[in-house]
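Hi,

Here is the structure I promised you. Have a look at it first, and my notes on what I found follow below.

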Amino acid sequence: MVVTSSAIRDASAARVLGETIVALATPPGRGAIAVVRCSGADARVVAARTFRPATPGPLESRFVRFGHVVDAEGCVIDQAMALYLAAPSTPTGEDVLELHVHGSPVVVRETLAAAQSAGARMALPGEFTRRAFLNGKIDLSQADAVADLIEAEHRGAARAAESRLDGTLRDAVRALRDPLDAALEELAAAVDFPDEVPAPNSASLAALVSALRDGAAELRASWEMGRLLREGLSAAIVGPPNAGKSSLLNALLGEERALVSETAGTTRDTLDGQTVIDGVLLRLVDTAGIRQTDEAIEAAGVERARRAAAQASLLIVVLDGSAPLAQDALTVLEQTRGRRRLLLFNKADLGETGWQQWLASPGSRESETTIFGSVLRSSDIERTKSALASLGWDDVAPDPARPHLASAWQAQAVEEAIAAFDRVLETLHAGHPADVCVGDLVEASAALGQLSGEAVTEQLLEAIFSRFCIGK
Ligand SMILES: Nc1nc2c(ncn2[C@@H]2O[C@H](COP(=O)(O)OP(=O)(O)OP(=O)(O)O)[C@@H](O)[C@H]2O)c(=O)[nH]1
Ligand SMILES: [Mg+2]
């Protein structure tokens, strides 16, 4: 069921906003400081009962005070700094109290207990952010962005989340939804007051809907980029033994991650590493050299290599370009044909027999990304990185600042809007009057509204806020 955000806000607000919540806002464990955060109407009461300032006088909003945290009996738990923020200009829109105590698990536990005796209850996962949403501080795409920002493991993902937090996606959605809602209002008026308001012109409505559909399709296309920025790309390094696969992994990572030796069959198991190219996370997997073998452990390694290759979105096929291409090399080339792959003919410093053999073979006539070089040369590693970027993200460097979809529920909402736009266009092209389209236009508007949180289901709210940890 789709309901408006104000209805959800009213219902949920009545249910939860009365209570004051508390949680540890910093990671659990030991640290220099830990921040225990309270939000709700009674934050001031909690402050009065748990914090004793070193100098007399009440806490003032936005001023940090030094003092002691005390338990229900008035016994000192720890020295602390207290920051009080008065509603409504706070992250949650409610009164907020932060107690900065020493980062000791015991102190944290006792401070949380003191806050609970003072009237607060433990927060549920994501409840602080949920309150920010319910109080109109952020929209849903921003709430999702907060979760992404916390989860981000590299700069590209963090910058993408930040830009959505800034509202780039919300603004892009509004640019579609505002004209759509204006058209809907006009249609509704014509239906309600046929004598006073002229029926809208079908041709101009069709032109508008067609432009909105294009905008929505552009957003849909941005999902690919959003996913790339968030999850990165998996690339398996495969090839026959001794070709230089592990040397390539080390060079790309800039560290001696994998063992390298002149003995063929050095790598037995798969090895992971991560690097960032053009702001995109590349999840690399080095694998055992693929060849026919009777040796049980090596065979198991080869099996794992095949599995890693099957799961990766991109393959880096490393071959010895200096020596004649043996059967193992030809088999790997054949078995990875048709996959998104980069062919790296390595060991150029030792010769080019294998490379020339490849150039003379029919396979080389397919247009493929191919490099002849040496993983021991930094210029060739740079060429390899550029080649990976153009293979992985189609020559267009992903731009985190561009509006983009970042999760499956957003992609689904846009998909629903596009389907509704298509139905409207079909109806209009079939010559039906514009007012027949009201239902589909409402659906399109509701689908887009989900992105900004202006029309959302309880189920969706649950799905989004359950992604958070307690204390966020
Ligand atoms: N001269 C030269 N030697 C290289 C080059 N790349 C790798 N090597 C050497 O080739 C040998 C094999 O390198 P590895 O990186 O272990 O090869 P691998 O493909 O991981 O081998 P396995 O794990 O056995 O499948 C090592 O002695 C490397 O130092 C290169 O471009 N030029
Ligand atoms: Mg290796």
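Right after helix α9 comes glycine 254, which has a positive phi, near 70°. Bear in mind as you read on that this is a predicted model.

While we are at α9, which of its residues are buried? They are Lys245, Ser246, Leu248, Leu249 and Leu252. Looking down the axis of α9, you will find its buried residues within an arc of 155°, so they line one face of the helix. What they pack against is a list of strands plus one helix: β9 (233-238), β10 (271-277), β11 (280-286), β12 (314-320), β13 (341-346) and α13 (378-392).

α9 (residues 245-253) also matters for the ligand shell: with 3 residues, this helix gives the most to the surroundings of ligand 1. There are 23 residues around ligand 1, and the ones that come nearest are Gly244, Ser246, Thr267, Gly289 and Ser374. Ser246, then, turns up twice, as one of the buried residues of α9 and among those nearest to ligand 1. Sorted by class, the shell is made of 11 polar, 8 nonpolar and 4 charged residues.

Just ahead of α9, have a look at asparagine 242, which sits in the loop between β9 and α9. Asparagine 242 is not a glycine, yet its phi is positive, about 70°. Is this residue buried or exposed? Asparagine 242 is buried: 23 other C-beta atoms lie within 10 Å, and the cut-off for buried is 20 or more.

Arginine 62 makes a nice contrast. This one also has a positive phi, about 75°, without being a glycine, and its place is the loop between β4 and β5. Arginine 62, however, is exposed, with 11 other C-beta atoms within 10 Å.

One more positive phi, near 55°, belongs to aspartate 278 in the hairpin of β10 and β11, where 2 residues lie between the strands. β10 and β11 run antiparallel and are joined by 7 bridges. In that pair, glycine 273 stands opposite leucine 284 of β11.

Now to the sheet at the other end of the numbering. It is an open sheet of 7 strands with mixed pairing, and the order is β4-β5-β6-β7-β3-β2-β8. β4 (51-53) and β8 (121-122) are at the edges with a single partner strand each, so one side of each has no neighbour in the sheet. The pairing of β4 with β5 (residues 64-70) is antiparallel and has 3 bridges; phenylalanine 51 stands opposite valine 69 there.

Helix α3 (residues 105-117) lies across β2 (21-24), β3 (31-39), β5, β6 (76-85), β7 (96-103) and β8. The angle between α3 and β3 is about 15°.

For the backbone enthusiasts, there is a cis peptide bond between alanine 87 and proline 88, with omega at about 5°. You will find proline 88 in the loop between β6 and β7.

Last, a pair of glutamates. Glutamate 224 belongs to helix α8 (residues 202-231) and is partly exposed, with 15 other C-beta atoms within 10 Å. How far apart are glutamate 224 and glutamate 262 in space? From C-alpha to C-alpha it is 41 Å, with their positions 38 residues apart in sequence counted as the separation.

Cheers

Note on methods
Residues numbered from 1 in each chain as written. Chains lettered and ligands numbered in written order. Predicted model: local features only at pLDDT ≥ 70, side-chain atom pairs only at ≥ 80, totals over all residues. Near = placed C-beta within 6 Å. Helix = DSSP H or I, 4+ residues; strand = E, 2+ residues; numbered from the N terminus. Nonpolar A, V, L, I, M, F, W, Y, C, P; charged D, E, K, R; others polar. Pairing = 2+ DSSP bridges. Contact = placed C-beta atoms within 7 Å. Axes fitted to C-alpha atoms, helices over the stretch in contact; angles between N-to-C directions. Buried ≥ 20, exposed ≤ 12 C-beta atoms within 10 Å, placed from the backbone. Arc of directions from axis to C-beta.
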